[in-house]
Amino acid sequence: MALFSNDTRNLLRKLTVLRTWNGVAIGLSFHVSRWIGKPLLWGQPVSVAIEPTTACNLGCPECPSGLKKFTRDTGNLKKAAFEKLLANVHRKALYMTFYFQGEPFIHPDFLDLVRMASGRNLYTATSTNAHFLTDAKARETVESGLDRLIISVDGTTQEVYEQYRVHGDLDKVLEGARNVIKWKKALNSPTPHVIFQFLIVRPNEHQVEEIKQLGSEIGVDEVRFKTAQVYDYEHGNELIPTVDGYSRYRRKKDGTWEVKNQLINQCWRMWSSCVVTWDGLVVPCCFDKDATHRMGNAFVRPFAEIWRGSTYRQFREKLLKGRDQIDICRNCSEGTRVWVEE
């Protein structure tokens with residue numbers, strides 16, 4: 001058995017001396033901060049997520065993008081603004097995710113953005129509902145240099161799939177996946193690493209074994225399972241799986257529900273990564289979907305100034321003192337895991 005997968009080797013090839021040193025510095029500062037209970041910061045984020053667009057073609061029940069429930073501004077990332085961010089982060093960052101809210105492939109220049117980041121030798125990844133992966137777009141995706149492509153496939157039949165992916169077409173999703181696999185082979189390309197991501201909810205929990213088989217038949221590189229975040233869970237929710245190992249939540253003796261996560265006062269994400277919205281707002285992580293915790297605007301101020309600024313420092317300090325006092329942390333999956341028998 002190989003020590004590293006092809007995907008891991010690809011990621012490691014993008015390491016430089018500066019990126020390696022930055023990762024070590026961030027790791028050390030995180031652990032020292034935990035020990036002393038005060039936020040120290042040595043280095044810049046290892047991973048940066050950028051939001052190409054807030055637009056989406058689906059209407060998923062737990063997604064503010066699909067439900068059109070944002071209070072923040074919506075729109076598309078501009079290439080000039082992205083180039084400014086890229087110039088600020090690429091030397092120390094290793095990993096760039098092109099996803100936050102919205103469907104990335106709706107952005108008219110999405111793959112140009114990927115090529116810009118790939119040109120800086122960043123590991124690039126995105127998550128998609130795969131409705132726009134036509135044959136031509138699939139070839140362009142493979143040629144763009146994208147390193148990882150996560151495809152949301154939350155059901156193996158249309159009837160089940162559409163219960164969460166409202167307005168979605170499973171046949172189109174699977175066709176898009178096949179198109180990408182076809183062009184990877186035709187172009188003899190090792191990338192992108194294609195992942196079927198299965199969000200486990202009550203309507204699809206009986207299809208766990210079926211999605212493994214489907215992924216194998218189509219030829220994806222990996223099938224991953226993800227627990228579902230549910231906003232209104234205290235009194236139960238029809239999306240919470242019946243199988244305990246698939247759920248982020250558990251039922252208490254009084255009949256109400258709680259998050260399994262113990263909310264330890266630490267979070268690696270606050271040191272290692274951040275999210276930037278389409279209009280430049282820097283937010284702590286992907287759980288801040290409506291950008292309520294704004295650290296600054298990376299299209300207006302230097303990124304390093306925001307990353308080390310007083311607003312970010314105060315947020316990290318608050319987290320170290322009481323993570324349960326921060327709204328976006330109380331329904332966080334960090335510290336929980338999904339169990340699926342292989």
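I began with the surface and noted a nonpolar patch of about 440 Å², made by W21, V24, L28 and W42. The model I am reading is predicted. I placed L28 in helix α2, residues 17–36, and recorded L28 as partly exposed, with a relative accessible area of 48%.

I turned next to the second largest pocket and noted its volume as about 430 Å³. I listed 18 lining residues for this pocket, with Q229, Y231, F287, K289 and D290 nearest its centre. I sorted the lining of the second largest pocket into 8 nonpolar, 7 charged and 3 polar residues.

I then searched the whole structure for salt bridges and found 18. I looked up K184 with D221, where the closest N and O atoms are 3.0 Å apart. I traced this pair to distant parts of the chain, 37 residues apart: K184 belongs to helix α8 (residues 170–186), and D221 to the loop between α9 (208–218) and β6 (222–227). I classed K184 as buried because its relative accessible area, 9%, is under 20%. I entered D221 as partly exposed at 38%.

I checked R224 and E222, a salt bridge whose closest N and O atoms lie 2.5 Å apart. I noted R224 as partly exposed at 34% relative accessible area, and E222 as partly exposed at 24%.

I examined R250 and E258, which form a salt bridge with 2.9 Å between the closest N and O atoms. I found R250 partly exposed at 35% and E258 partly exposed at 28%. I closed with a network in which salt bridges that share partners join K79, D112, R115, K137 and E140.

Note on methods:
Residues are numbered from 1 along each chain as its sequence is written. This is a predicted model: local features need pLDDT of at least 70, side-chain atom pairs count only at pLDDT 80 or more; totals for chains, interfaces and linings use all residues. Side-chain values use heavy atoms; hydrogens and water are left out. On a 1 Å grid over the protein atoms alone, a cavity is a set of points where a 1.4 Å probe fits but cannot get out, and a pocket is an open set with protein on both sides within 12 Å along at least five of seven lines; lining residues have an atom within 4 Å of a point. Grid points are joined across faces, edges and corners, and a volume is the space filled by probe spheres set on the points. Ala, Val, Leu, Ile, Met, Phe, Trp, Tyr, Cys and Pro count as nonpolar, Asp, Glu, Lys and Arg as charged, and the others, Gly among them, as polar. Patches are made of residues with over 30% relative accessible area and no salt bridge: like charges are joined within 9 Å, nonpolar side chains (Val, Leu, Ile, Met, Phe, Trp, Tyr) within 5 Å. Accessible areas come from the Shrake-Rupley method with a 1.4 Å probe; for residues, only the protein chains shown count as cover. A salt bridge is a side-chain nitrogen of Lys or Arg within 4 Å of a carboxyl oxygen of Asp or Glu. Helices (H or I, at least four residues) and strands (E, at least two) are DSSP runs, numbered from the N terminus. Buried means under 20% relative accessible area, exposed over 50%, partly exposed in between (1.4 Å probe, protein chains only).
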